[in-house]
Amino acid sequence: MSRAVRRVAVAAVAAVALLFAGCSRASVTPLPGVTGNPPTAASSSAQTSQPPGASAAQSSPGVGSIVQPVAQGFPPLTFVANSGDGSGALYVVAQGGQIYQLNQGESVAGSPWLDISDRISSGGERGLLGVAFHPDFTDNGRFFVDYTDLNGNTVISEFQRAADGTVDPKAEKILLQQTQPFANHNGGMLAFGPDGYLYIGFGDGGSGGDPNGNGQKLDVLLGKILRIDVDSGVPYGIPASNPFQPDNEHNARAEIWDWGVRNPWRFSFDRQSRALFIGDVGQNQTEEIDVELAGNGDHNYGWNIMEGDHCYAATTCDQTGLTPPVATYSHDLGCSVIGGYVYRGTRFPAFDGKYFFSDFCSGTIWTLDADEAVAGVPVAPQKLGQVSFSVTSFGEGEAGELYIVDAGGTIYSLVQP
């Protein structure tokens with residue numbers, strides 16, 4: 001992270017509502033690990049960089065309006081999700097520590113469904129960053145959140161919906177706590193995989209360049225994607241197929257599923273192929289998308305040996321055992337990748353099998369072919385269009401329709417261009 005951008009991020013920690021101007025427009029909240037120099041308006045139409053063998057990214061012709069507002073009036077937002085209980089409700093996550101239940105037909109924020117702001121440090125890259133609903137949420141009411149506590153450390157905890165649909169904020173069960181050495185790169189994503197296990201994204205611990213080398217250390221959780229079993233063990237169990245188990249030769253943490261990530265702000269599972277798609281935020285030059293087959297962990301994605309598809313802070317590096325990204329783009333086009341979802345809805349058949357992602361600074365919406373990415377083919381992203389707000393996340397409805405989260409407090413849905 002450049003010194004100028006770091007000064008902005010530090011200043012933003014003072015208050016949730018503090019926004020900064022950047023990326024050629026106002027009202028940008030420094031959430032997903034903004035690094036390097038934001039793109040200028042003139043550079044936003046440049047072509048993406050790509051792995052060797054990929055053709056240059058192309059803009060789709062005839063792009064018009066690509067999003068429309070669904071609900072507004074929320075405080076600064078980080079995520080939106082569905083619970084899978086058949087209600088069609090969306091759950092909107094606010095950085096300050098609230099979750100709002102948005103039922104079908106509602107378009108304005110009401111009172112929070114859950115409010116845990118009393119135990120959260122919020123601002124900059126901190127706050128309530130993610131929520132994941134148990135696969136059996138309909139019956140057991142269990143869901144899980146990722147937030148930074150009053151000391152700035154990461155907490156993964158569980159809550160439960162009562163029979164009357166409410167949630168007691170005092171009935172919190174903490175599963176995991178992780179000290180954060182710096183205020184940035186906290187990760188924040190958690191999601192249940194098709195195997196029923198909970199996956200958790202941890203950034204490298206912050207600062208710039210991973211000064212502690214956490215991405216490549218197997219005895220720490222920072223710079224990793226974890227996989228745990230929330231249905232066994234105290235406070236959780238370790239799936240037997242995790243790549244590392246206690247007392248192995250590397251002294252590795254058994255929770256680790258993948259490593260060598262810098263800040264995997266958002267990742268998701270394709271409903272059809274079950275593959276894992278990861279948007280990993282870069283340092284000063286390159287943003288990347290990583291993809292792995294279902295159930296196929298044990299990947300080292302290279303940080304801080306590599307940033308994207310090139311050696312980091314070196315002209316050459318040993319790339320033995322590293323898994324390269326399937327797609328990249330340079331900081332001429334943005335500053336922080338926002339990973340999304342493979343579209344599996346029914347409203348827009350032309351989008352089926354397209355992985356959607358964006359950038360926090362430029363607001364560009366790209367797609368790439370999910371089948372090619374899963375096959376390990378270097379993929380050139382296609383530019384679908386550009387939005388005028390700061391995208392902090394995508395979300396998926398029960399039926400597979402996609403939503404886009406505006407840091408300023410609005411939820412949008414896709415519109416066929």
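**Close-up 1. The enclosed space in this predicted model.** How many cavities of 30 Å³ or more does the count come to? The count gives one cavity at that cut-off. About 50 Å³ of space lies inside the largest cavity.

**Close-up 2. The residues around the largest cavity.** Here you can pick out Arg262, Asp280, Val281, Gly282 and Thr286 in the lining, along with Glu288, Trp303, Met306, Glu307 and Gly308. Two strands, β19 (286–292) and β20 (306–307), each supply at least two residues of this lining. Sorted by class, the lining of the largest cavity has four charged, three polar and three nonpolar residues.

**Close-up 3. The largest pocket and its centre.** Now for the open space: the largest pocket holds about 680 Å³. Which of its 28 lining residues are the closest to the centre? They are Asn82, Phe133, Phe192, Arg271 and Glu396.

**Close-up 4. Elements that line the largest pocket.** Following the chain, the elements that give two or more residues to this lining are β5 (77–82), β9 (128–133), α2 (137–140), β13 (190–192) and β17 (266–269). Which of the elements brings the largest share? That is β5, with four residues in the lining of the largest pocket.

**Close-up 5. The chemistry of the pocket lining.** If you are looking at side chains by class, the lining of the largest pocket has 16 nonpolar residues. Seven polar and five charged residues complete the lining of the largest pocket. Among the charged residues here are Arg271 and Glu396, both listed with those closest to the pocket centre.

Key
Residues numbered from 1 in each chain as written. Predicted model: local features only at pLDDT ≥ 70, side-chain atom pairs only at ≥ 80, totals over all residues. Heavy atoms only, no water. 1 Å grid on protein atoms, 1.4 Å probe; cavity = no way out; pocket = protein on both sides within 12 Å on 5 of 7 lines; lining within 4 Å. Points joined across faces, edges and corners; volume = space filled by probe spheres on them.
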